[in-house]
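Subject: Structure handover

Hi there,

As promised, I am passing the structure on to you. Please have it open while you read the notes below.

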Amino acid sequence: MLGKVAIVTGAASGIGEACAQAFARAGARVAMFDRDAAALAAAARAIDGALGVVVDVADRESVEAGVRKVCDAFGGVDALVNSAGVESTYTIERMPQQEWDRVLGVNLTGVMLCTQAVVASMSARGGGSIVNIASIAGKRISYHGGAAYTASKAGVLGFTRHAAFEFGIRRIRVNAICPGPTLTPMIRRNATEEEIARTETIIPLGRWVQPSDIASAALFLAGDAAAMCTGTSIDVDGGVLVSNGSSYNDYFARRR
Ligand SMILES: NC(=O)c1ccc[n+]([C@@H]2O[C@H](COP(=O)([O-])OP(=O)(O)OC[C@H]3O[C@@H](n4cnc5c(N)ncnc54)[C@H](O)[C@@H]3O)[C@@H](O)[C@H]2O)c1
């Protein structure tokens with residue numbers, strides 16, 4: 001990523017922040033988008049040369065203004081990591097439409113708006129790479145979130161495939177990552193310490209995924225090592241999807 005320009009959304013916290021740090025360490029010039037101005041300022045201060053831009057990814061004008069700022073400051077965009085996301089805990093029966101729209105607006109429409117805003121610059125530079133942070137919830141269901149979250153992440157996987165097809169001709173690669181349980185502020189807001197400890201017992205690799213684990217996969221997908229990968233997704237879930245929901249400890253307790 002040496003000398004490349006990377007935009008990371010949701011960069012003030014968790015997975016986005018870890019991606020911004022990893023891309024900067026790999027030599028990229030990093031622009032950090034987030035709607036939380038105070039957290040963003042703190043996160044951007046910690047990365048040498050990073051540009052923090054307050055952006056609401058669900059708002060077209062805000063996204064376009066943010067991308068313009070990056071192009072003015074750094075000359076264009078080579079990579080985009082869409083990590084901004086929100087959770088939702090309503091059951092389907094009780095979900096206000098406003099809540100559905102809010103979650104879809106950030107998690108799915110946000111990915112589309114950020115993609116739209118960067119493709120002209122990427123095309124002008126001969127190509128680029130977009131990495132969408134989806135979720136294993138997009139393939140099964142969300143434990144901590146509700147149906148709006150699950151639907152938004154399934155949508156991100158569909159959008160990723162379609163965008164990969166449309167932009168392949170311009171050498172813009174579009175891929176996704178499906179994180180499993182990843183210990184970030186999003187989880188700490190929604191789970192008790194006891195639930196956090198219990199979750200660890202269903203992860204075959206024996207520990208929570210860390211934001212840096214997702215950042216490593218994002219760096220791979222964004223870089224030349226993944227030059228012929230597009231429209232695909234990588235599960236970074238410690239083996240949760242293959243465990244079929246059973247407690248890992250129970251599995252061995254019943255086997256010889
Ligand atoms: N933590 C997990 O277990 C997990 C698992 C699977 C997928 N994910 C996905 O990873 C991504 C990052 O999640 P995280 O766990 O780091 O969460 P987080 O809450 O720690 O960070 C999310 C960041 O996105 C920002 N954000 C929210 N709405 C925004 C908007 N409209 N515009 C700009 N910024 C906005 C928040 O301010 C925050 O800084 C999300 O898309 C989430 O759905 C997380």
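Below are my notes on the ligand, a pocket and a few single residues.

Please keep in mind that this is a predicted model.

Let me begin with the ligand. There are 30 residues around the ligand, and Ser13, Ile15, Asp34, Tyr149 and Thr184 come nearest. Three side chains are worth a look for their polar atoms. In Tyr149, a side-chain N or O atom is 2.6 Å from an oxygen atom of the ligand. Arg189 also has a side-chain N or O atom by a ligand oxygen, here at 2.9 Å. With Asp56 the partner is a nitrogen atom of the ligand, which lies 2.8 Å from a polar atom of the Asp56 side chain.

Next, the second largest pocket. Its volume is about 510 Å³, and 21 residues line it. Nearest the centre of this pocket are Gly127, Gly128, Arg171, Arg173 and Asp224. Two strands, β5 (128-133) and β6 (172-179), each contribute at least two residues to the lining. By character, the lining residues split into 8 nonpolar, 7 polar and 6 charged.

Gly127 deserves a paragraph of its own. This glycine sits in the loop between α4 (97-124) and β5. Gly127 counts as buried because its relative accessibility is 12%, under the 20% cut-off. Setting aside residues up to four places away in sequence, Gly127 touches Met122, Arg170, Arg171 and Ile172. If you want a distance across the model, the C-alpha atoms of Gly127 and Ala22 are 21 Å apart, with these positions 105 residues apart along the chain.

Now to Thr9, in strand β1 (residues 5-9). Is Thr9 buried or exposed? Thr9 counts as buried, since its relative accessibility is 1%. The Thr9 side chain reaches the backbone nitrogen of Ser83 at 2.9 Å. Ser83 is also among the contacts of Thr9 beyond four places in sequence, which include Gly16, Phe33, Val57, Leu80 and Cys114.

Last comes Ser152, which is part of helix α5 (residues 147-168). With a relative accessible area of 0%, Ser152 is buried. Which residues does Ser152 contact, leaving aside neighbours within four places in sequence? They are Val103, Leu104, Asn107 and Leu108.

Happy to talk any of this through whenever it suits you.

Best wishes

Conventions
Residues are numbered from 1 along each chain as its sequence is written. This is a predicted model: local features need pLDDT of at least 70, side-chain atom pairs count only at pLDDT 80 or more; totals for chains, interfaces and linings use all residues. Side-chain values use heavy atoms; hydrogens and water are left out. Helices (H or I, at least four residues) and strands (E, at least two) are DSSP runs, numbered from the N terminus. Buried means under 20% relative accessible area, exposed over 50%, partly exposed in between (1.4 Å probe, protein chains only). Contact means heavy atoms within 4.5 Å. On a 1 Å grid over the protein atoms alone, a cavity is a set of points where a 1.4 Å probe fits but cannot get out, and a pocket is an open set with protein on both sides within 12 Å along at least five of seven lines; lining residues have an atom within 4 Å of a point. Grid points are joined across faces, edges and corners, and a volume is the space filled by probe spheres set on the points. Ala, Val, Leu, Ile, Met, Phe, Trp, Tyr, Cys and Pro count as nonpolar, Asp, Glu, Lys and Arg as charged, and the others, Gly among them, as polar. A residue is near a molecule or strand if one of its heavy atoms lies within 4 Å of it. A polar contact is a pair of N or O atoms within 3.5 Å; within protein, one must be able to donate a hydrogen and the other to accept it, and residues adjacent in sequence count only if both atoms are side-chain atoms.
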